[in-house]
Amino acid sequence: MTGLQSVGSRTLTGPQLFLLGGSFLITLGSFAVLPYMSVLLHDRFGLGLGVVGAVLAVASLVQFSGGVVGAALAARIGLRATMLVALAVRTAGFAAFVPGLTRPVVAVAALFLVSCGAALYLPANKAYLVAGCGPERRPGLLAASGSAFNAGIALGPPAAAPFVLTSPAGLFTGVAVLFALVGAGHVLLPSVADEGVGVKDTTVEDRTGEADGVAAGSGLPPFAFTVLAVYVFMFFQHYLALYAVPRTSTAFYGAVLMGYAILLVVAQPLLARRLAALPYATALRLGFGAMAAGTAVLALGGRAGIAVGAVLLCLGEIVLFLKNDLEALARSAAPSATVFGRQRLAAGLGAFAAAVVGGQLYGVAERAAAVPVFWLVVSAQAVVLPALLVVWARGSARRRAGDGPVAAHRPR
């Protein structure tokens, strides 16, 4: 219990422990249902795959990009109240799946309620977790939060597998009750103020300096790098099953996912403080480099190639997702819920772009009987797109620097 209660060299408070436990339960309940939505919508309701894909794509975009709305709500009514509203919406959504079992329109509406609740909850949750904490504690707290969420993501689908097709009404009812109980626990949380945590943190300048190739005051990173990181990662998330199962087996694919989740849950808190100390440019090179290497190794196929590729992609996710959030906090004077809301928007844009582009690329590669080339194209994007972004940002910074003095001396 000591290891659980100590994050960032200090003891966790009761509310922080509750939020971490609640994060696990929330994702456990959510991922007991959401991964099976395509099966339910297609097999039970008879919706075409094109319609199912469109529904899931829009729901995902709402879940991610709606974080901006969640941040705005938190600024208006407070962090605890926002989490309570979000959990009430998600509880209603999961409860609505029960009548939705016989009415597809209700099921789709329930899915969007669940997505809206997720959009409202996460920025307030993260902001509450780090409220009042200095830069030295944020890495450990955010890493612990990520581990709690990912543990629920890993355990939710296998826990629900025996029930999702045989007794879905009982499953949905159980998840709704779970969310109601977690929401009731949130009522007992004390109110905290969400204040700007970055306030132009001077340590950011010291850590990054000119090596970033990006102007320190630029609004481009880490929002844009989050878009790119999620964009590259979602190719792996969406298409590994199509690639791995025919080349290995469903059992091996399941083992890879389980190993991935365990590595993520264990390694992220262990690496959090080291990642926080890395210069941002170094973290970007390591993270995108790991993703590029991982997707290139996937192209080799076979059990070894898929397993090693997954490990490298997991390391890339750990570095980029955590470091981008930390850098976003440090560079902004906005309330932390606003920062996390923007980061969720960036993730949503990246995921949506990957869904649109990935389907076309994978289809072309499959028709050409050259699916491994798909992963090489993804690997090339992980190298080229961040480099282009840095070049563009450098050029923009130079143009702004060059225009300043000239503009000051132009005749009016």
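Ile262 is found in helix 12, residues 250–277, in a model that is predicted.

**Exercise 1.** Classify Ile262 as buried, partly exposed or exposed, and state which residues join it in a nonpolar surface patch.

*Solution.* Begin with the relative accessible area of Ile262, which is 49%. Exposed requires over 50%, and buried requires under 20%. Ile262 is therefore partly exposed. Next, take the patch: Ile262 makes it together with Met258, Val266 and Leu270. Its area is about 390 Å².

**Exercise 2.** Determine which residues touch the most other members of the largest nonpolar core, and which helix supplies the largest share of this core.

*Solution.* The core holds 107 residues, and those touching the most other members are Val33, Phe94, Phe97, Phe236, Leu240, Ile306 and Phe374. Helix 11 (residues 223–247) gives the largest share, 15 residues. Now follow Phe374: with neighbours within four places in sequence left aside, its contacts are Phe235, Tyr239, Gly358, Leu361, Tyr362 and Ala365.

**Exercise 3.** Locate Ala369, then describe its phi and its exposure.

*Solution.* Ala369 lies in the loop between helix 15 (336–367) and helix 16 (371–409). Its phi is near 55°, a positive value in a residue other than glycine. Most residues other than glycine have a negative phi. The relative accessible area of Ala369 is 72%, so the residue is exposed.

**Exercise 4.** Summarise the protein chain by its helices and strands, its burial and its contacts.

*Solution.* The chain has 16 helices and two strands. Of its 412 residues, 50% count as buried. Among contacts between residues at least 6 apart in sequence, 83% join residues at least 24 apart.

Note on methods
Residues are numbered from 1 along each chain as its sequence is written. This is a predicted model: local features need pLDDT of at least 70, side-chain atom pairs count only at pLDDT 80 or more; totals for chains, interfaces and linings use all residues. Side-chain values use heavy atoms; hydrogens and water are left out. Patches are made of residues with over 30% relative accessible area and no salt bridge: like charges are joined within 9 Å, nonpolar side chains (Val, Leu, Ile, Met, Phe, Trp, Tyr) within 5 Å. Accessible areas come from the Shrake-Rupley method with a 1.4 Å probe; for residues, only the protein chains shown count as cover. A salt bridge is a side-chain nitrogen of Lys or Arg within 4 Å of a carboxyl oxygen of Asp or Glu. Helices (H or I, at least four residues) and strands (E, at least two) are DSSP runs, numbered from the N terminus. Buried means under 20% relative accessible area, exposed over 50%, partly exposed in between (1.4 Å probe, protein chains only). A nonpolar core is a set of buried Ala, Val, Leu, Ile, Met, Phe, Trp, Tyr and Cys residues joined through side-chain atoms within 4.5 Å. Contact means heavy atoms within 4.5 Å.
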